[in-house]
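Me: Please examine the interior of this model closely. I should like one connected account of what is packed there and of the elements that surround it.

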Amino acid sequence: MHNILSIDVEDYFHLMEHPLLPGPSEWDNLPSRVQSNFTKLLDLFIEKGVKGTCFFLGWVAERFPNLVKTAADSGFGIASHGYYHRPVYKQVPDEFGEDVSRAKKVCEDITGKEVYGYRAPAFSITERTPWAMEKLIEAGYRYDSSIFPASRDFGGLIIDKLKPHIIKTARGSILEFPISITNVLGKRFYFFGGGYFRLFPYWMIKMMAQKVIAQGRPIILYIHPRDIDSGQPRYRLGLVRNFKSYVNLGSTEDKLRRFMDDFKFTSYDKWLKMYKSVVT
Ligand SMILES: [Zn+2]
């Protein structure tokens, strides 16, 4: 089975919610690194002959429309990561609706094509946001990949259906691609993105990937442009968060290359075309 590659396109200062992190009013004054990091990441995947889906933060897409264009022209899918990168559970339903509509429109204006996939910042669709899927449907989204079915900082929603599936709401249906967790000693863990991907050794990531695939599920890999940037400015977010945010940045590229050699990856759209019957 093919797996799914996703890139959350945001800058190094778009980390989640900490008093020492700059707010949106300060973002324009910071030196940006997303352009070079994203281009490097895209080149790595192109070199490996792999196409995936890019979830653009609306704020980034608006400032760097060339990145959206380059990704689309290179055959990558374009989806939305919301506009301001605020946790979903910190927004009221209408605010969330506006944020996801704005990001969708920014990306559509650049590509001239419909954008209908969404990923929440830090997988922050939780028990506290039972209205989130309805708001996404109202905004015109057709698939979501925000549910992280294990506990984690800022997000996590424990659900039983781990395969891609349809969620029905009073406003219609949406396709959900839960992040691919795996059981280790009775606990749910994730190995295929962000700090987890940087932290664990490659042999373990590979073994866990084989376990997910053996259960008939695709691996959903998520990566940020900053995950390959050892030289990024580092914020002081406390010991644990600094570890999670900055551990092993130098190891990511090599692991990605090996992962792309050992497993087949594609975008959400192409995966859906190939495996429609898997989704129930
Ligand atoms: Zn993000």
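Reply: A convenient starting point is F123, which is found in the loop between strand 4 and helix 6 (helices, H or I with at least four residues, and strands, E with at least two, are DSSP runs numbered from the N terminus). The model is predicted, so local features require pLDDT of at least 70 and side-chain atom pairs pLDDT 80 or more, whereas totals for chains, interfaces and linings use all residues. Residue numbers start from 1 along each chain as its sequence is written.

F123 counts as buried because 27 other C-beta atoms lie within 10 Å; the term requires 20 or more such atoms, exposed means 12 or fewer, partly exposed lies in between, and C-beta atoms are placed from the backbone. The phi of F123 is positive, about 55°, although F123 is not a glycine. H85, in the loop between strand 3 and helix 5, is another non-glycine residue with a positive phi, near 60°. H85 is buried because 26 other C-beta atoms lie within 10 Å.

The largest nonpolar core holds 72 residues, and those with the most contacts inside it are V9, C54, F56, I78, C107, F192 and L221. Such a core is a set of buried Ala, Val, Leu, Ile, Met, Phe, Trp, Tyr and Cys residues joined through C-beta atoms within 7 Å. Helix 5 (residues 93–111) supplies the largest share of this core, six residues. In soluble globular proteins, nonpolar side chains tend to be buried together.

Several of these residues can be placed on strands. V9 lies in strand 1, and V9 is buried because its C-beta has 27 neighbours inside 10 Å. Leaving aside residues up to four places away in sequence, V9 touches V34, F38, C54, F55, F56, L57, V60, L67, H81 and P225 (contact means C-beta atoms, placed from the backbone, within 7 Å). The C-alpha atoms of V9 and S36 are separated by 12 Å, with these positions 27 residues apart along the chain.

Strand 1 (residues 3–9) pairs in the parallel sense with strand 2 over four bridges, where pairing requires at least two DSSP bridges. S6 has T53 of strand 2 as its bridge partner, and T53 also stands opposite G77 in strand 3. In strand 2 (residues 53–56), T53 and F55 point one way, C54 and F56 point the other way, and all are buried. Four bridges join strand 2 to strand 3, and the two run parallel. C54 has I78 of strand 3 as its bridge partner. Within strand 3 (residues 77–80), G77 and A79 face one way and I78 and S80 the other, and all are buried.

Strand 1 is also parallel to strand 10, again over four bridges, and L5 stands opposite L221 there. Strand 10 (residues 220–223) directs I220 and Y222 one way and L221 and I223 the other, and all are buried. Apart from residues up to four places away in sequence, L221 touches N3, L5, S6, F192, G193, F259 and F265.

Helix 5 merits separate attention. Its 19 residues should span 27 Å at 1.5 Å a residue, and its end C-alpha atoms are 27 Å apart, which agrees; the expected span is 1.5 Å times one less than the number of residues. The buried residues of helix 5 are F96, D99, V100, S101, A103, K104, V106, C107 and I110. Strand 2, helix 3 (58–63), helix 4 (65–73), strand 3, strand 4 (117–118) and helix 6 (132–138) are among the elements that cover these residues. G112, with a positive phi near 75°, follows helix 5.

The axes of helix 4 and helix 5 come within 9 Å and cross at roughly 65°. Axes are lines fitted to C-alpha atoms, for helices over the stretch in contact, with angles from 0 to 180 degrees between N-to-C directions. This crossing of helix 4 and helix 5 is right-handed, meaning that the near helix is turned clockwise from the far one by less than a right angle, with left-handed denoting anticlockwise. At the crossing, P65, V68, K69 and A72 of helix 4 meet C107, I110 and T111 of helix 5.

A further helix pair involves helix 8 (residues 202–214) and helix 10 (residues 252–262), whose axes come within 11 Å and cross at roughly 35°. Helix 8 passes helix 10 in a right-handed crossing. There Y202, I205 and K206 of helix 8 meet K255, R258, F259 and D262 of helix 10. Of these, F259 is one of the residues that L221 touches.

Methods
Two residues are in contact if their C-beta atoms, placed from the backbone, lie within 7 Å.
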